Amino acid sequence: MYKKINYIAAVVLLLASFSVKAQVTSQSPYSRYGLGNVKGMLLPQLRAMGGISTAVNKPSTYYSNINMQNPASYAGITMATADIGMSAGFKELKKGSLSEGSFNSSLSHIALAFPLKAGRTGLSFGLVPYTELGYEYTNTEQLDTTTVNKLYAGEGGLTKAYFGLGQQFGDHFRVGANVEYVFGNLIESRSTELQAAGVLNTKQQDKNSVGGIGFSYGAQYEIPLSLKSRITLGYSGSYKSNINTKTSFVATRYKLNSVGEEEPALDSAVFLENNSAKLKLPLVHNFGISIQKDNKWLIGADYRMGKWSQLSINGVNNGLEDSWGFSAGGQLTPDMTSIGSYFNRVDYRLGFTYDKTYIKIGNQDVKQMAVTFGLGLPLAFNRYAFHKLNFTTELGRRGTTSNGLVQENYINFHIGFTLNDTWFRRFKFD
């Protein structure tokens with residue numbers, strides 16, 4: 001039974017690895033700033049608690065979770081762990097009396113973790129989204145008697161492939177680090193269209209093909225309260241790495257057909273390709289605290305700050321603001337060992353998150369907040385294996401309709417399948 005599950009999981013992971021490509025997974029005008037919408041390296045079980053992660057190690061002694069946001073937590077991995085999931089979301093954009101809805105879905109993560117020395121040393125590797133770029137909107141102006149449409153569009157995003165190690169020293173202190181390969185394409189275009197027959201219109205397209213190494217790191221310290229309860233203090237951060245990128249720029253001219261659709265480009269006025277550049281990522285800090293009773297409950301809070309004012313591409317600063325935010329949340333499991341009630345073995349999660357993002361428009365900060373909740377549904381388990389299905393829902397809002405800005409109201413759904421198994425155990429015979 002469990003061998004079959006392992007084989008199925010391996011095949012799913014292999015197939016999913018071929019499907020991780022840059023795609024339009026977001027429709028947000030705010031994604032045009034910086035590198036797009038930053039996702040964070042969080043699995044559904046952590047997102048359901050508002051995204052707390054910095055001081056989260058091992059909520060249960062029965063199973064392991066992968067917390068790549070703080071690689072120090074890998075030291076607590078006691079079983080071979082695989083996690084794969086998907087995300088989907090509904091979004092409503094509002095500006096004044098106008099509104100528009102959209103739906104997007106994508107593969108969200110593939111992660112694996114293994115104990116090198118159970119409860120002392122662990123490693124993890126996988127693929128997670130880093131940023132999502134996706135928007136399309138039009139500004140209309142009147143030039144004498146001619147209508148001029150200015151079209152803006154973007155698509156793509158960045159992904160992180162990571163490999164990390166965590167090590168525990170003594171009884172209470174853990175450290176860890178991730179080496180991350182950041183890759184993907186960021187494609188943005190600007191068009192100017194005149195609503196007149198036979199007129200040549202222009203389009204300019206910028207493309208950044210990113211591929212380079214970054215680093216993140218973390219530490220956790222436990223303060224025992226009793227044999228089964230403790231306070232954990234945590235810190236994690238990412239280094240302000242310089243990532244390689246290839247930039248290209250093309251300017252084309254085209255006409256509109258009789259129904260107003262864009263025809264194939266007539267020519268390329270300018271074409272510059274594969275110019276080497278550097279993408280300078282910001283320094284990010286996360287601080288956290290959690291209190292837990294093993295196999296029963298966990299509550300915690302995180303505070304984060306990012307030096308996004310340092311973000312630059314090819315030496316050009318992107319004009320962003322430094323960001324900060326906080327999260328609070330927790331998890332309750334009524335009775336993990338219950339035989340008579342399945343719902344007593346379910347993990348119930350709730351959280352809240354708030355961020356002052358790195359975007360500032362017209363002297364007004366763009367803020368984001370969300371309420372999160374979810375369930376961890378146990379599947380089959382025995383002394384050698386434990387499987388769980390994690391559901392998370394986020395109800396959130398970004399921006400405001402005041403001062404001519406756009407407000408995003410969204411509902412995001414995350415689902416992840418967590419497999420814990422003792423893949424490399426040795427059997428002894430008397």
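## Pockets

A pocket is an open set of grid points with protein on both sides within 12 Å along at least five of seven lines, and its volume is the space filled by probe spheres set on those points. The model described here is predicted. In this model, the second largest pocket holds about 540 Å³ of space. Its lining comprises 25 residues, of which Arg32, Gly34, Glu188, Ile313 and Asn318 are the closest to its centre. Two or more lining residues come from each of E4, E6, strand E7 (201-224), strand E14 (316-317) and E16. The greatest contribution is that of E6, which gives four residues to this lining. By class, the residues around the second largest pocket are 11 nonpolar, nine polar and five charged.

The largest pocket contains about 870 Å³ of space. It is lined by 33 residues, and those closest to its centre are Pro29, Leu93, Glu136, Tyr137 and Thr138. Strands E2, E3 (98-117), E4 (121-143), E5 (146-169) and E6 (173-194) each supply at least two residues of this lining. Strand E4 gives the most, with six residues. The lining of the largest pocket divides into 13 nonpolar, 13 polar and seven charged residues. Strands E4 and E6 thus appear among the contributors to the largest pocket and also among those to the second largest pocket.

## Cavities

A search of the whole structure yields five cavities of 30 Å³ or more. The second largest cavity encloses about 50 Å³. Its lining consists of Pro59, Ser60, Tyr63, Lys293, Asn295, Lys296, Trp297, Leu298, Gln331, Thr333 and Met336. In terms of class, five of these residues are nonpolar, four are polar and two are charged.

## Salt bridges

The model contains 12 salt bridges. One of them joins the side chains of Asp347 and Arg349, with an N to O distance of 3.2 Å. Asp347 and Arg349 are both buried. Asp347 also forms a salt bridge with Lys388, where the closest N and O atoms are 2.4 Å apart. This second pair links distant parts of the chain, as Asp347 belongs to strand E16 (residues 347-361) and Lys388 to strand E18 (residues 385-398), 41 residues apart. Lys388 is buried, as is Asp347.

Elsewhere, Arg174, Glu222, Arg230 and Asp294 are joined into one network by salt bridges that share partners. Within this group, the side chains of Glu222 and Arg230 meet at 3.5 Å, N to O. Both Glu222 and Arg230 are buried.

## The surroundings of Asn57

Asn57 is placed in the loop between helix H2 (44-47) and strand E2 (80-95). Is this residue buried or exposed? Asn57 has a relative accessible area of 11%, and it is buried because that value falls below the cut-off of 20%. Beyond its neighbours within four places in sequence, Asn57 is in contact with Ser73, Gly76, Arg174, Gln220 and Glu222. Two of these contacts, Arg174 and Glu222, belong to the salt-bridge network that also includes Arg230 and Asp294.

## Aromatic pairs

The count of aromatic pairs comes to 13. One of these is a stacked pair formed by Tyr137 and Tyr152, with 5.2 Å between the ring centres and 25° between the planes. Tyr137 is in strand E4 and Tyr152 in strand E5, so this pair ties together parts that are 15 residues apart in sequence. Tyr137 is partly exposed, with a relative accessibility of 22%. Tyr137 is also one of the residues closest to the centre of the largest pocket. A separate group of rings, those of Trp324, Phe326, Phe352 and Tyr354, is linked by ring pairs into a cluster.

## Backbone at Asn363 and Asn403

Most residues other than glycine have a negative phi. Asn363, however, has a positive phi near 60°. It is found in the loop between E16 and strand E17 (364-381). Its relative accessible area is 74%, and Asn363 counts as exposed because this value is over 50%.

Asn403 likewise is not a glycine and has a positive phi, of about 60°. This residue lies in the loop between E18 and strand E19 (407-421). Asn403 is exposed, at 65% relative accessibility.

Conventions: Residues are numbered from 1 along each chain as its sequence is written. This is a predicted model: local features need pLDDT of at least 70, side-chain atom pairs count only at pLDDT 80 or more; totals for chains, interfaces and linings use all residues. Side-chain values use heavy atoms; hydrogens and water are left out. Buried means under 20% relative accessible area, exposed over 50%, partly exposed in between (1.4 Å probe, protein chains only). Contact means heavy atoms within 4.5 Å. A salt bridge is a side-chain nitrogen of Lys or Arg within 4 Å of a carboxyl oxygen of Asp or Glu. On a 1 Å grid over the protein atoms alone, a cavity is a set of points where a 1.4 Å probe fits but cannot get out, and a pocket is an open set with protein on both sides within 12 Å along at least five of seven lines; lining residues have an atom within 4 Å of a point. Ala, Val, Leu, Ile, Met, Phe, Trp, Tyr, Cys and Pro count as nonpolar, Asp, Glu, Lys and Arg as charged, and the others, Gly among them, as polar. Rings of Phe, Tyr and Trp (its six-membered ring) pair if their centres lie within 6.5 Å; planes under 30 degrees apart count as stacked, over 60 as edge-to-face and the rest as tilted.
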